[in-house]
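Visitor: Could you take one part of this structure, the charged side-chain pairs, and look at it closely? I would also like to see it set against the elements around it.

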Amino acid sequence: TLENTLIKQHSPRYNIKLKDAKSYPYIKLTAETYPRLIMSRKRTDDGAKYFGPYHSTWAVNTTLDAIKSIIPLRPCKKNIQADTNDRPCLNYHIGLCKAPCCGKISPAEYSAMTEDVISFLGGHFDNLSKKLHHKMLSEAELLNFEQAAIYREKLKALEQLSEKQKIVSVSEDN
């Protein structure tokens, strides 16, 4: 951003916010077969999608934690290759990952989850909210009340996060 650049260029005496030469944090969706969500302070031309800038790392970490509890994208740095017989990690067993490294989820299903994350970070909460509400009702009809309660909690978390979040810019425009 222009403000950040000017502060670094002129180093004003009484500026305490950006004096340590850090850049604003972004949320980065990596450009892998099974993308991950991470925090990044630099925007590079690596094919990844960047969301932000955010005003603090606390805002980024809070957003990432909420997204990971709602949409379980993989957190690990494994290089995933086809036809591997790895064991699923602990994140799979506690419901924070769908274990793409073990072939437990297809690339198409994972891509649909990634699109949900992109629409969510773009500010379109309605689509994901409708999907979660539909899944909650269908699980309740099947008498799977524990699973319906999980979807209800995810829906509540989504509603709380959508109230807090302001405008997120994806493009380079002002």
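Guide: A salt bridge is counted here when a side-chain nitrogen of Lys or Arg comes within 4 Å of a carboxyl oxygen of Asp or Glu. The general idea behind such a count is that side chains of opposite charge can pair when their charged atoms come close. The model is a predicted one, and the structure holds 5 salt bridges by this criterion.

One of them joins D116 to K131, whose closest N and O atoms are 2.7 Å apart. D116 belongs to helix α4 (residues 107-121) and K131 to helix α5 (residues 125-141), so the pair ties together parts that lie 15 residues apart in sequence. The partners do not fall into one class of exposure: D116 is buried, with a relative accessible area of 14%, whereas K131, at 38% relative accessibility, counts as partly exposed. The division rests on a cut-off, since buried means under 20% relative accessible area and exposed means over 50%, with partly exposed in between.

A further pair brings together the side chains of E32 and R36, with a distance of 3.3 Å from N to O. Here the basic partner R36 is the buried one, at 12% relative accessible area, while E32 is partly exposed at 33%. This contact is also part of a wider arrangement, in which E32, R36 and R74 are linked in a network of salt bridges.

The side chains of E153 and R152 meet in a salt bridge as well, at 3.1 Å from N to O. For this pair both partners count as partly exposed, E153 at 40% relative accessibility and R152 at 38%.

To place these pairs, it helps to turn to the fold. The secondary structure of the chain comes to 6 helices and 3 strands, and along the sequence these follow the pattern α-β-β-β-α-α-α-α-α. The 3 strands form an open sheet in the order β2-β1-β3, with antiparallel pairing. Because β2 (37-40) and β3 (49-51) stand at the edges, each with a single partner strand, one side of each is left without a neighbour in the sheet. From one strand to the next the twist averages 30°.

Strand β1 (residues 26-29) is joined to β2 by 4 bridges, and the bridge partner of K28 in β2 is I38. Towards β3, the connection of β1 is made by 3 bridges, again with the strands running antiparallel, and on this side the bridge partner of L29 is K49. The side chains of β1 alternate in direction, Y26 and K28 pointing one way and I27 and L29 the other way, and all of these residues are buried.

Helix α2 (residues 57-70) packs on this sheet, touching β1 and β2, and its direction makes about 175° with that of β2. Within helix α2 lies I70, which counts as buried at 6% relative accessibility. Leaving aside residues up to four places away in sequence, I70 touches L128, L132, K154, A157 and L158. Two of these, L128 and L132, fall within the span of helix α5 (residues 125-141), the helix that also carries K131 of the salt bridge described above. The C-alpha atoms of I70 and Y151 are separated by 8.5 Å, although the two residues are 81 residues apart along the chain.

The same reach along the sequence appears in the chain as a whole, where residues 24 or more positions apart account for 49% of the contacts with a separation of 6 or more. Of the 174 residues, 34% count as buried. The accessible surface comes to about 11,600 Å², and 52% of it belongs to carbon and sulfur atoms.

Besides the charged pairs, there is a nonpolar surface patch to consider: L90, I94 and L96 make one of about 290 Å². Among these residues, L90 is found in helix α3 (residues 90-93), and it is exposed, with a relative accessible area of 61%.

Technical notes:
Residues are numbered from 1 along each chain as its sequence is written. This is a predicted model: local features need pLDDT of at least 70, side-chain atom pairs count only at pLDDT 80 or more; totals for chains, interfaces and linings use all residues. Side-chain values use heavy atoms; hydrogens and water are left out. Two strands pair if DSSP finds at least two bridges between them. Helices (H or I, at least four residues) and strands (E, at least two) are DSSP runs, numbered from the N terminus. Axes are lines fitted to C-alpha atoms, for helices over the stretch in contact, and angles run from 0 to 180 degrees between N-to-C directions. Contact means heavy atoms within 4.5 Å. Patches are made of residues with over 30% relative accessible area and no salt bridge: like charges are joined within 9 Å, nonpolar side chains (Val, Leu, Ile, Met, Phe, Trp, Tyr) within 5 Å. Accessible areas come from the Shrake-Rupley method with a 1.4 Å probe; for residues, only the protein chains shown count as cover. Buried means under 20% relative accessible area, exposed over 50%, partly exposed in between (1.4 Å probe, protein chains only).
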